[in-house]
Amino acid sequence: MLFQHLLSFLSVISLVAAAPRAASDVTATEWTTDSKWTPYNVGEGYRGACGRFIYPSEFGVAISVEDYQPGLCNRIVSLKSGEKHAFSQILDVCTNCAKGDLNITERLFKFFNPDLTTAPLVGDWELANN
């Protein structure tokens with residue numbers, strides 16, 4: 001299982017390394033704190049705002065409309081909630097999230113808390129690949 005997570009993470013890194021960045025990309029390394037995270041179900045696969053399919057097996061995030069810039073697509077984010085830490089990828093836009101808040105795939109939500117009914121989770125996140 002750990003090997004599968006490592007392979008998934010490495011494939012995400014290779015996608016990000018190949019993704020071009022626009023000059024307007026966010027480069028801040030400051031943490032967004034006390035962010036509210038809600039789970040979202042992508043069904044069997046859903047094409048996110050960043051143009052590729054998001055699968056239920058992925059650790060993916062959707063950022064608020066206010067935070068969104070096309071140059072943020074596929075960027076890696078570092079997330080912390082409680083004692084847990086994970087890396088994910090920006091794959092979509094959350095139209096009902098406040099600035100700084102995230103929709104996170106159900107799989108990622110369950111990593112932080114197996115009970116989906118406890119939403120929202122509160123955590124901190126930042127861009128990890130500046």
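Arg52 pairs up with Glu58 in a salt bridge, and the closest N and O atoms sit 2.6 Å apart. Keep in mind that this is a predicted model. Searching the whole structure turns up two salt bridges, and the other one joins Lys99 to Asp67. Below is a quick tour of both pairs, then of Ile54, then of the chain as a whole.

**The Arg52–Glu58 pair**

- Arg52 has a relative accessibility of 22%, so it counts as partly exposed.
- Its partner Glu58 comes in at 14% relative accessibility and counts as buried, because the cut-off for buried is under 20%.

**The Lys99–Asp67 pair**

- In this salt bridge the closest N and O atoms of Lys99 and Asp67 are 2.8 Å apart.
- The pair ties together distant parts of the chain, with the two positions 32 residues apart in numbering terms: Lys99 is in the loop between strand E6 (84–94) and strand E7 (102–105), while Asp67 is in the loop between strand E4 (60–64) and strand E5 (76–81).
- Is Lys99 buried or exposed? Lys99 is exposed, since its relative accessible area is 52% and exposed means over 50%.
- Asp67, on the other end, is buried, with a relative accessible area of 16%.

**Ile54 and its surroundings**

- You'll find Ile54 in strand E3, which covers residues 53–54.
- The relative accessible area of Ile54 is 0%, so this residue counts as buried.
- Which residues does Ile54 touch, leaving aside those up to four places away in sequence? The contacts are Tyr40, Val42, Gly45, Tyr46, Gly48, Leu91, Asp92 and Thr105.
- Asn41 is 13 residues from Ile54 in sequence, and the C-alpha to C-alpha distance between Asn41 and Ile54 is 9.9 Å.

**The chain overall**

- The chain has two helices and eight strands.
- Going along the sequence, the order of these elements reads α-β-β-β-β-β-β-β-α-β.
- How much of the chain counts as buried? The figure is 40% of the 130 residues.
- Take the contacts between residues at least 6 apart in sequence: 75% of them join residues at least 24 apart.
- About 7300 Å² of the chain is exposed, and 58% of that area comes from carbon and sulfur atoms.

Note on methods
Residues are numbered from 1 along each chain as its sequence is written. This is a predicted model: local features need pLDDT of at least 70, side-chain atom pairs count only at pLDDT 80 or more; totals for chains, interfaces and linings use all residues. Side-chain values use heavy atoms; hydrogens and water are left out. Helices (H or I, at least four residues) and strands (E, at least two) are DSSP runs, numbered from the N terminus. Buried means under 20% relative accessible area, exposed over 50%, partly exposed in between (1.4 Å probe, protein chains only). Contact means heavy atoms within 4.5 Å. Accessible areas come from the Shrake-Rupley method with a 1.4 Å probe; for residues, only the protein chains shown count as cover. A salt bridge is a side-chain nitrogen of Lys or Arg within 4 Å of a carboxyl oxygen of Asp or Glu.
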